[in-house]
Amino acid sequence: MNEMRWIKILARMIALVLGSLLLGIGINGFLVPHQLLDGGIIGIALILHYYFDIPAGLWSAILSIPLIIYAWIKDRKQFHGSVYGMIVTAIFIDVLAPYQFILPIWLSAILGGAICGIAVGLMLRYETSTGGTDLIAYFLAKMTPINIGIIIAFIDVVIVLLGYQTLGLQSVVFSTITILVAGSLASVCYEKF
């Protein structure tokens with residue numbers, strides 16, 4: 001029994017680190033070079049990063065604090081995965097900031113969305129998250145019959161629309177593609193694996 005507990009903890013830690021690493025790669029490698037957005041708190045952090053040139057990981061950690069407090073109150077198990085996920089993700093996003101791939105915008109949108117979606121789905125599957133709106137989606141999916149990927153995609157599209165004033169139409173269009181791909185793959189990874 002004790003051995004099974006340690007295996008679960010180890011699997012959760014691996015999912016947290018791997019998911020955070022993939023998010024750092026997806027965001028910096030594919031989204032930032034074209035000023036594309038992910039959704040959720042990271043999307044808001046990217047808007048602020050593009051506008052104020054302050055590290056996106058730092059912004060995402062600061063913006064996640066109220067949601068982490070909510071998780072502390074509602075679900076302590078999810079709180080622990082979220083607070084660690086928030087910290088590790090913020091670090092990977094900022095450490096990997098110099099590593100960018102120069103690809104066509106449409107390919108960056110698809111690959112960035114795929115990598116970020118797999119990362120988020122993997123983290124949520126093992127009851128951890130980045131502490132951002134993924135956490136909101138997790139709680140809403142627990143309370144409603146709505147699929148977690150659909151909830152994430154809806155929140156993300158709203159945030160991308162907020163970025164229109166700062167980034168323009170091309171960024172909004174390709175960011176929407178990123179988010180749809182990410183939401184689909186997050187749902188598959190969360191539900192199927």
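**Note on the predicted model: cavities, core and aromatic residues**

1. Ser60 lies in helix α3, and it offers a convenient place to begin reading this structure, which is a predicted model. The residue is buried, because its relative accessible area is 4% and the limit for that class is under 20%. Leaving aside its neighbours within four places in sequence, Ser60 is in contact with Ile41, Ile42, Ala45, Ala90 and Ile93. With Thr176 the relation is another matter: the two residues are 116 residues apart in sequence and 20 Å apart in space, taken from C-alpha to C-alpha.

2. Ser60 also belongs to the lining of the second largest cavity, together with Ile41, Ile42, Ser64, Met86, Thr89, Ala90, Thr130 and Gly132. The elements that give two or more residues to this lining are α2, α3 and α4, and the largest share, three residues, comes from α4. The volume of this second largest cavity is about 40 Å³, and the count of cavities of 30 Å³ or more comes to two. Which classes of residue make up its lining? Four of the lining residues are nonpolar and five are polar, while no charged residue takes part.

3. The largest pocket should be read separately from that cavity, and it has a volume of about 370 Å³. It is lined by 15 residues, of which Lys8, Ile9, Arg12, Lys77 and Tyr126 are the closest to its centre. Two elements, α1 (2–31) and α4 (76–95), give two or more residues to the lining of this pocket, and α1 gives the most, with seven residues. By class, the lining of the largest pocket holds six nonpolar, three polar and six charged residues. Helix α4 therefore deserves attention in both places, as it is named among the contributors to the pocket and, by the DSSP numbering of helices, among those of the second largest cavity.

4. The largest nonpolar core has 44 residues, and those with the most contacts inside it are Leu23, Ile27, Leu37, Leu46, Leu124, Ile148 and Ile152. At least two residues of this core are supplied by each of α1, α2 (40–52), α3 (56–74), α4, α5 (105–125), α6 (133–143), α7 (148–162) and α9 (169–192). Which helix provides the largest share of this core? That share, seven residues, comes from α5.

5. Leu23 can serve as an example from this core, being one of the residues with the most contacts inside it. Not counting residues up to four places away in sequence, Leu23 touches Asp38, Ile42, Thr89, Cys116, Ala119, Val120, Met123 and Thr130. Among these partners, Ile42, Thr89 and Thr130 are residues that also line the second largest cavity, and Ile42 is in addition a contact of Ser60.

6. A search of the whole structure finds three aromatic pairs. One of them joins Tyr51 and Phe52 in an edge-to-face arrangement, with 4.8 Å from centre to centre and 90 degrees between the planes. Another is formed by Phe52 and Trp59, and this pair is tilted, with 6.4 Å from centre to centre and 40 degrees between the planes. Tyr51, Phe52 and Trp59 form one aromatic cluster.

7. Are the members of this cluster buried or exposed? Tyr51 counts as exposed because its relative accessibility is 59%, and the limit for exposed residues is over 50%. Phe52, at 46% relative accessibility, counts as partly exposed, whereas Trp59 is buried, with a relative accessible area of 18%.

8. Two residues call for a check of their backbone angles, since most residues other than glycine have a negative phi. Gln35 has a positive phi of about 50 degrees although it is not a glycine, and its place is in the loop between α1 and α2. Asp53 is also a residue other than glycine with a positive phi, near 60 degrees, and Asp53 is placed in the loop between α2 and α3. Gln35 counts as partly exposed, at 36% relative accessibility, while Asp53 counts as exposed, at 62%.

Definitions and conventions. Residues numbered from 1 in each chain as written. Predicted model: local features only at pLDDT ≥ 70, side-chain atom pairs only at ≥ 80, totals over all residues. Heavy atoms only, no water. 1 Å grid on protein atoms, 1.4 Å probe; cavity = no way out; pocket = protein on both sides within 12 Å on 5 of 7 lines; lining within 4 Å. Points joined across faces, edges and corners; volume = space filled by probe spheres on them. Helix = DSSP H or I, 4+ residues; strand = E, 2+ residues; numbered from the N terminus. Nonpolar A, V, L, I, M, F, W, Y, C, P; charged D, E, K, R; others polar. Core = buried A, V, L, I, M, F, W, Y, C linked by side-chain atoms within 4.5 Å. Buried < 20%, exposed > 50% of the residue type's maximum accessible area, 1.4 Å probe, protein only. Contact = heavy atoms within 4.5 Å. Phe/Tyr/Trp six-rings, centres within 6.5 Å; stacked < 30°, edge-to-face > 60°.
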